[in-house]
Amino acid sequence: MPVHNASCWLDECLQAIVLQDFTGSMELSVFDDASTDDSREVLERWREKLEVRGVSLLISGHSSAQPKGVGFAKNKAISQSHGEYLCFQDADDIMMPERVRLQYDASLLHKNSLIGCRVWRLPEGSTERYTRWINTLTQEQLITQVFTSHGPTVIMPTWFCSRKWFQEVGSFDEGGKGVPEDLLFFYQSLRRGGGLTRVDECLLVYRYHDNAATHSVTEETIWRLRVDFLQERVLSRWENVTVWNAGKQGRKLYRSLSATNQRKVKAFCDVDENKIHKGFYTYEESKERPKPKIPILHYTAAAAPFIVCVKLDMTGGVLEANLNSLQLKEGIDYYHFN
């Protein structure tokens, strides 16, 4: 558990750890990343309660002028710990009593995997679409929807894995503020052949607030990482592709691709008659002469495979119905990017 100025959350967080119903040995390894509040004192006050429960407590940290970041703190907490399995816990979240037990059981069945779970979002109703996405992805979509702007399909606050697998993937990026260390690790785990699975119960209260570290990462940083991973994992296997969305997001994706992958884009498709009526998208910034002109088609006239650049769960089911009408299979005929 990395900690930075988490004093106001710690009592609830630690009480939930005391209440775990797992019967094996447990250890709480905390790294304090330059907290300026009384987080360290709160942790020490819980030492006796944790140890009575059978949870050994390890605390270290630093008091530099600036925190060194979540990736650094997680790596330190892991390196000083001893457990054969790692259960990641954010200091501002609350785990349900059965979390460790159920995720441990799942990890025995799914070696070399990141194990997640469903979540409750607090305050209720915050990030409604994101929370619904987390909780309703199918097992197959945990793999196919890794390119969307929501980030890891098994979200970081719910991760559970073996130490052996963590060491196989490698440590978290320690670039500090603005670096999406969880997304980088997630992609690397997939590159190494790691699996993804989710315990289909709500095992964590996942808190949303303005001071969360995730807010320091820019959309453009995430965009670039996603585009690169899409090119590496999908477009490298495809000879041609149709971009589903001739609007702003579809054109941005096209412009973000390598020259080789831009040439694979045979068409844009859309439902907007105005865009379709224009007939072509001209890539004005291109240094090629003549400038590339990409046809814009109605989706029913376009050919798979598709990269879908329309936001999920934002069209009242129209996008999903259109995809279903073409009898396409996600992960073969199309991938979601937005």
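**Group meeting: the fold and its cores**

Okay, so counting up the secondary structure of this chain, we get 14 helices and 14 strands. Bear in mind that what you're looking at is a predicted model.

Let's start with overall shape. The C-alpha trace spans about 70 × 40 × 35 Å along its principal axes. And the radius of gyration is 22 Å, which agrees with the value near 20 Å that a compact globule of 338 residues would have. On the outside, the accessible surface comes to about 16300 Å², and carbon and sulfur atoms hold 50% of that.

What about the inside? Of the 338 residues, 50% count as buried. As for contacts, if you take those with a separation of 6 or more, 77% are between residues 24 or more positions apart.

Now, the cores. In soluble globular proteins, nonpolar side chains tend to be buried together. Here the largest nonpolar core has 89 residues, and the members touching the most others are Met 1 and Ile 307. Helix H10, residues 219-235, gives the largest share of this core, seven residues. So where does the core sit? It lies between domain 1 (2-217) and domain 2 (220-336), because both of them give residues to it.

Let me stay with Met 1 for a second. Leaving out residues up to four places away in sequence, Met 1 touches, among others, Leu 10, Cys 13, Leu 14, Leu 28, Val 30, Phe 31 and Leu 43. Further along the chain, its partners include Ala 77, Gln 89, Asp 90 and Ala 91.

Last thing: there's a second, separate core of 10 residues, and among them are Ala 302, Val 308, Leu 323 and Tyr 334.

How values were computed:
Residues are numbered from 1 along each chain as its sequence is written. This is a predicted model: local features need pLDDT of at least 70, side-chain atom pairs count only at pLDDT 80 or more; totals for chains, interfaces and linings use all residues. Side-chain values use heavy atoms; hydrogens and water are left out. A nonpolar core is a set of buried Ala, Val, Leu, Ile, Met, Phe, Trp, Tyr and Cys residues joined through side-chain atoms within 4.5 Å. Buried means under 20% relative accessible area, exposed over 50%, partly exposed in between (1.4 Å probe, protein chains only). Helices (H or I, at least four residues) and strands (E, at least two) are DSSP runs, numbered from the N terminus. Domain bounds come from an automatic or database domain assignment. Contact means heavy atoms within 4.5 Å. The radius of gyration is taken over C-alpha atoms; the globule rule is 2.2 Å times the number of residues to the power 0.38. Accessible areas come from the Shrake-Rupley method with a 1.4 Å probe; for residues, only the protein chains shown count as cover.
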